Amino acid sequence: MRVVSLVPSLTEAVAASAPGVLVGATDWCSHPAGLDVARIGGTKNPDTARVVALAPDLVIANEEENRGPDLTALRAAGLDVLVTEVRGVPQAFRELSRVLRACGGPARPDWLAEAEEAWAAPAPLERRTAVVPVWRRPWMVLGRDTFAGDVLARLGVHQVYSGHPERYPRTAVEDLLAAGPDLVVLPDEPYRFTADDGPEAFPGLPCALVSGRHLTWYGPSLAEAPRVLGGALRAALR
């Protein structure tokens, strides 16, 4: 089996569960460290000719992270492309099992069983409201129907824009402040918010700087995400 992954979290999941099957991954596939496979460009701009040249038995992708025209081009070249859809934690578990089976690995490896157990009864905060920027210049936030939004909801954090018609609405920072959140959640990806870049825009509000990998990736990081994210959220609210 030869697999090319166009999704960083799926790359990590397959590498951990079906060692040796990956022959290509994106430039953004940073886990596991030291992964020795061909690099085929970004999630939004993969080198489709390079993917085809790797002659994979399967390409794994995601409907949100990857562009339709690229997936169409790969299929037109005769490649089998498996496209995942992940909008919540339970769906992530189902899709991970589907991907791992397709890659010749176990449908429920140890790390996935641990993740399911961790999310069966996470320790939520007392209910809080939050805005969750994912980009600035322009400001963009989590809106409706997102995996990260479901992760936060299960930890007791209700995002203010969860009912917005768009999944990642653009908005002015003044509107974010006017929404009156209890908390601002600032991940380090896709935009790399830091202590010096982000919190200054929200004076007087507690800001939780969180790991984007634990907030947005669906893979082995899910097993420790409730603990890691919960710790960051609680620290910001002290």
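Reader: How much space lies in the largest pocket?

Author: In this predicted model, the largest pocket holds about 970 Å³ of space.

Reader: What makes up the lining of the largest pocket?

Author: The lining consists of 27 residues, and those nearest the centre of the pocket are Lys44, Glu65, Glu189, Pro190 and Thr216. Two or more lining residues come from each of helix H1 (8–17), strand S7 (133–135), helix H6 (147–154) and helix H8 (212–216). Sorted by class, 15 of the lining residues are nonpolar, eight are polar and four are charged.

Reader: Why is glutamine 159 called buried?

Author: The relative accessible area of glutamine 159 is 5%. Buried means under 20%, so glutamine 159 is buried.

Reader: What makes the approach of glutamine 159 to glycine 143 a polar contact?

Author: The side chain of glutamine 159, a residue of strand S9 (residues 157–159), reaches the backbone oxygen of glycine 143 at 3.0 Å. The cut-off for such a pair of N or O atoms is within 3.5 Å, and the 3.0 Å separation satisfies that limit. Beyond four places in sequence, glutamine 159 is in contact with Ala130, Val132, Leu142, Gly143, Thr146 and Gly149.

Reader: How do you know that strands S2 and S3 pair?

Author: Pairing requires at least two bridges. Two bridges join strand S2 (residues 22–25) to S3, so the requirement is met, and the two strands run parallel. Alanine 25 stands opposite arginine 39 in S3.

Reader: Why is one side of strand S3 left without a neighbour in the sheet?

Author: The open sheet has five strands, paired in parallel, in the order S3-S2-S1-S4-S5. Strand S3 (38–39) and strand S5 (81–84) stand at its edges and have a single partner strand each, so one side of each lacks a neighbour in the sheet.

How values were computed
Residues numbered from 1 in each chain as written. Predicted model: local features only at pLDDT ≥ 70, side-chain atom pairs only at ≥ 80, totals over all residues. Heavy atoms only, no water. 1 Å grid on protein atoms, 1.4 Å probe; cavity = no way out; pocket = protein on both sides within 12 Å on 5 of 7 lines; lining within 4 Å. Points joined across faces, edges and corners; volume = space filled by probe spheres on them. Helix = DSSP H or I, 4+ residues; strand = E, 2+ residues; numbered from the N terminus. Nonpolar A, V, L, I, M, F, W, Y, C, P; charged D, E, K, R; others polar. Buried < 20%, exposed > 50% of the residue type's maximum accessible area, 1.4 Å probe, protein only. Polar contact = N/O pair within 3.5 Å; in protein donor to acceptor, adjacent residues only side chain to side chain. Contact = heavy atoms within 4.5 Å.
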